[in-house]
Amino acid sequence: MKQFISVKDVADINALVKKALAYKAAPFLDKALGANKRIGLLFLNPSLRTRLSSQVAAQNLGMEPIVFNVDKEGWALEFAEGAIMNGNTVEHIKDAAPVLGNYFDILCIRTFPGLVNKEEDYSEKIINQFIKYAGVPIVSLESATLHPLQSLTDIITILESMSSSASFKNKKPKIVLTWAPHIKSIPQCVANSFSQWVNAWGEAEFVITHPEGYELSAEFTKGATITHHQDDALKDADFVYVKNWSSYEQYGKVLCSDAHWMMNNKKLALTNNAKLMHCLPVRRNVELSDEILDGPNSIVTKEASNRVWAAQAVLSEILKSK
Ligand code: CP
């Protein structure tokens, strides 16, 4: 694996999941693989799980991780080609990225979208410039449109959960991605990425449900059944993935705040005793009720724990191909 930006960088999803679960069973299996290698974890935005799970994963492989909170501690970066830098930006990505590429063997970047200019965000301008100028493998820690480490984790968690149930021996799982309310304008990254990965995996019945106006880009959802009727979507679901996102069409806008879209035990009763997933952080009693999050069907903690094994499997693949 040369980089990890989207599912397109993965040759075999099931093999990568198997590798991640092997690391879960034996975290230090490949402790020598990353010896004398350094990984840079660059954050242009906040994080809890991605930041810490990536560090743990790198250390499990014997690498030295260094975290740099670019947004708080770095120079303000310029990304525009030909910019006359007489404003607030101090250093061009063309100058910064090659330096970082010399310090690190692998460079990981978190860079959220601005949610103002759709074309700019969906061109993945920032992460693509790191790829262009750094000269080392780049791993996305969540970019403007995708969150591939989260989505790999989600597939791992679904497959792990399926392996402990006899009911999936002859049946594909029904996976439902449902929109949930939120007080802020939230990127489409997690929903885009989850859709992209479930579709690429291809071993599930996949339904997406959201209010009108929240259609995601067809680039990621093609192949899924899409409905505005949440109750219909939830019927017989085995896994329900809850997530808010802002409008793609009316870019970055919050069009709906209807609390009826919040997942609760009444809606859970429509499902096939579904497992409930969310990438976290979650707004309790806005996106998901306490009763769900604290109840037996929630697998959000297991899901977040699996972030380590997803990151470890990806870093291992990159180290092996260097
Ligand atoms: N799910 C996720 O990416 O969590 P953080 O934003 O805390 O890293």
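Visitor: What covers the buried residues of H6?

Guide: Happy to start there, with a predicted model in which local features need pLDDT of at least 70, side-chain atom pairs count only at pLDDT 80 or more, and totals for chains, interfaces and linings use all residues. Residues are numbered from 1 along each chain as its sequence is written, and side-chain values use heavy atoms, leaving out hydrogens and water. In helix H6 (residues 125-134; helices are DSSP runs of H or I, at least four residues, and strands are E runs of at least two, numbered from the N terminus), Ile-127, Gln-129, Phe-130, Tyr-133 and Ala-134 are buried (under 20% relative accessible area, with exposed over 50% and partly exposed in between, 1.4 Å probe, protein chains only). The cover, by contact (heavy atoms within 4.5 Å), includes strands S1 (38-43), S3 (77-78), S4 (91-92), S5 (106-110) and S6 (138-140), and helix H4 (93-103).

Visitor: Which residue just after H6 takes a positive phi?

Guide: Look just past the end of H6. There, a phi of about 75 degrees belongs to Gly-135.

Visitor: Is Glu-212 buried or exposed?

Guide: Glu-212 is found in the loop between strand S8 (205-209) and helix H9 (218-221). Beyond its neighbours within four places in sequence, Glu-212 contacts His-228 and Leu-255. Its relative accessibility is 63%, so Glu-212 counts as exposed.

Visitor: How far apart in space are Glu-212 and Ser-247?

Guide: In sequence, 35 residues separate Glu-212 and Ser-247. From C-alpha to C-alpha, the distance is 9.5 Å.
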